[in-house]
Amino acid sequence: RINVDIFRVAGIYGPGRSAFDDLRAGQARRVIKPGHAFGRIHRDDIARAVLAAMRQELGQDRGQGTRILNLADDEPAESALVIEEAARLLGIAPPPAVPFADAWAQMSPMARGFWSENRRVANAKTKAALGISWLYPSYREGLRAILLGEIEAGECREGPA
């Protein structure tokens, strides 16, 4: 019998894959659908979880069998809030608000599927099983870290707010 860890990963973001990139490219949309929230996970927290699971396996610090590990941050949030925070950190105005009903007409079938349901995922059991906490418990800390990394690398055109 072998141990298996199945990682269920929320929306992945990180350097080069965040609301900053969408804002800078002029592709960010601030769709307003109150209550529509989903979880995200910073790529560094994914690595943190996988490494913690590997350390447990190597040290034989876990029980036998299969585990389902939910990798999602602590705060599911509306997309518009993430875009607003990224714009605030860049010191720019967020894109105009688009009511959900107006946005729906222009969405692809895949986008409509995404917007048709909420994706709130509980992570407390995963963090307890792995003995970790997230480096970035919400999009706010994650976005701030991405921007600071860009500034330190000399890659940021805007400054933090």
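How many of the 12 residues of H3 are buried? The count is 9, so H3 counts as mostly covered, and that helix is a good place to start looking around this predicted model.

**Figure 1. The whole chain at a glance.** Before zooming in, here is the overall layout of this predicted model. The protein chain holds 7 helices and 6 strands. Reading from the N terminus, the elements come in the order β-β-α-β-β-α-β-α-β-α-α-α-α. Along its principal axes, the C-alpha trace covers about 55 × 40 × 20 Å. Of the 161 residues, 39% are buried. Take the contacts between residues at least 6 apart in sequence: 89% of them join residues at least 24 apart. The accessible surface adds up to about 9,000 Å², and carbon and sulfur atoms account for 54% of that.

**Figure 2. Helix H3 and what surrounds it.** H3 runs over residues 79-90. With 12 residues at 1.5 Å each, the helix should span 16 Å, and its end C-alpha atoms sit 17 Å apart, which agrees. Its buried residues are Ser79, Ala80, Val82, Ile83, Glu85, Ala86, Ala87, Leu89 and Leu90. What do the buried residues of H3 pack against? The partners are helix H1 (19-24), strands E3 (30-32) and E4 (40-42), and helices H5 (109-115) and H7 (139-152). Just past the end of H3 comes glycine 91, with a positive phi of about 75°.

**Figure 3. The nonpolar cores.** The largest nonpolar core is built from 18 residues. Phe20, Leu23, Ala86, Leu143 and Leu147 have the most contacts inside this core. H1, H3 and H7 are the elements that each give two or more residues to the core. Which element gives the most? That is H3, with 6 residues. A second core, separate from the largest one, has 12 residues, among them Ile41, Leu71, Leu130 and Ile132.

**Figure 4. A salt bridge inside H3.** Side chains of opposite charge can pair when their charged atoms come close. Here glutamate 85 and arginine 88 form a salt bridge, with their closest N and O atoms 2.9 Å apart. The two are 3 residues apart in helix H3, which means about one helical turn separates them. Is glutamate 85 buried or exposed? Glutamate 85 is buried, because its relative accessibility is 11%. Arginine 88 has a relative accessible area of 41%, so this residue is partly exposed. There is a third member to look for too: salt bridges with shared partners join Glu85, Arg88 and Arg144 into one network.

**Figure 5. A salt bridge linking distant parts of the chain.** Aspartate 74 and lysine 127 form a salt bridge, and their closest N and O atoms are 2.8 Å apart. Where do the two residues sit? Aspartate 74 is in the loop between strand E5 (66-71) and H3, while lysine 127 is in helix H6 (residues 124-130), so the pair links distant parts of the chain, 53 residues apart. Lysine 127 counts as buried, at 17% relative accessibility. Aspartate 74, at 39%, counts as partly exposed.

**Figure 6. Two neighbours in a salt bridge.** Arginine 43 and aspartate 44 meet through their side chains in a salt bridge, at 2.5 Å from N to O. Arginine 43 is partly exposed, with 42% relative accessible area. Aspartate 44 is partly exposed as well, at 26%. In the whole structure, a search turns up 8 salt bridges.

**Figure 7. Histidine 36 in its loop.** Histidine 36 is found in the loop between E3 and E4. Why does histidine 36 count as buried? Its relative accessible area is 4%, and buried means under 20%. Setting aside neighbours within four places in sequence, histidine 36 is in contact with Ala77, Glu78, Ser79, Phe114, Trp115, Glu117 and Asn118. One of these, Ser79, is also among the buried residues of H3.

**Figure 8. A nonpolar patch on the surface.** Ile2, Val4, Ile6 and Ile68 make a nonpolar surface patch of about 350 Å². Valine 4 lies in strand E1 (residues 4-9). At 31% relative accessibility, valine 4 counts as partly exposed.

Notes. Residues are numbered from 1 along each chain as its sequence is written. This is a predicted model: local features need pLDDT of at least 70, side-chain atom pairs count only at pLDDT 80 or more; totals for chains, interfaces and linings use all residues. Side-chain values use heavy atoms; hydrogens and water are left out. Helices (H or I, at least four residues) and strands (E, at least two) are DSSP runs, numbered from the N terminus. The expected span of a helix is 1.5 Å times one less than its number of residues. Buried means under 20% relative accessible area, exposed over 50%, partly exposed in between (1.4 Å probe, protein chains only). Contact means heavy atoms within 4.5 Å. A salt bridge is a side-chain nitrogen of Lys or Arg within 4 Å of a carboxyl oxygen of Asp or Glu. Patches are made of residues with over 30% relative accessible area and no salt bridge: like charges are joined within 9 Å, nonpolar side chains (Val, Leu, Ile, Met, Phe, Trp, Tyr) within 5 Å. Accessible areas come from the Shrake-Rupley method with a 1.4 Å probe; for residues, only the protein chains shown count as cover. A nonpolar core is a set of buried Ala, Val, Leu, Ile, Met, Phe, Trp, Tyr and Cys residues joined through side-chain atoms within 4.5 Å.
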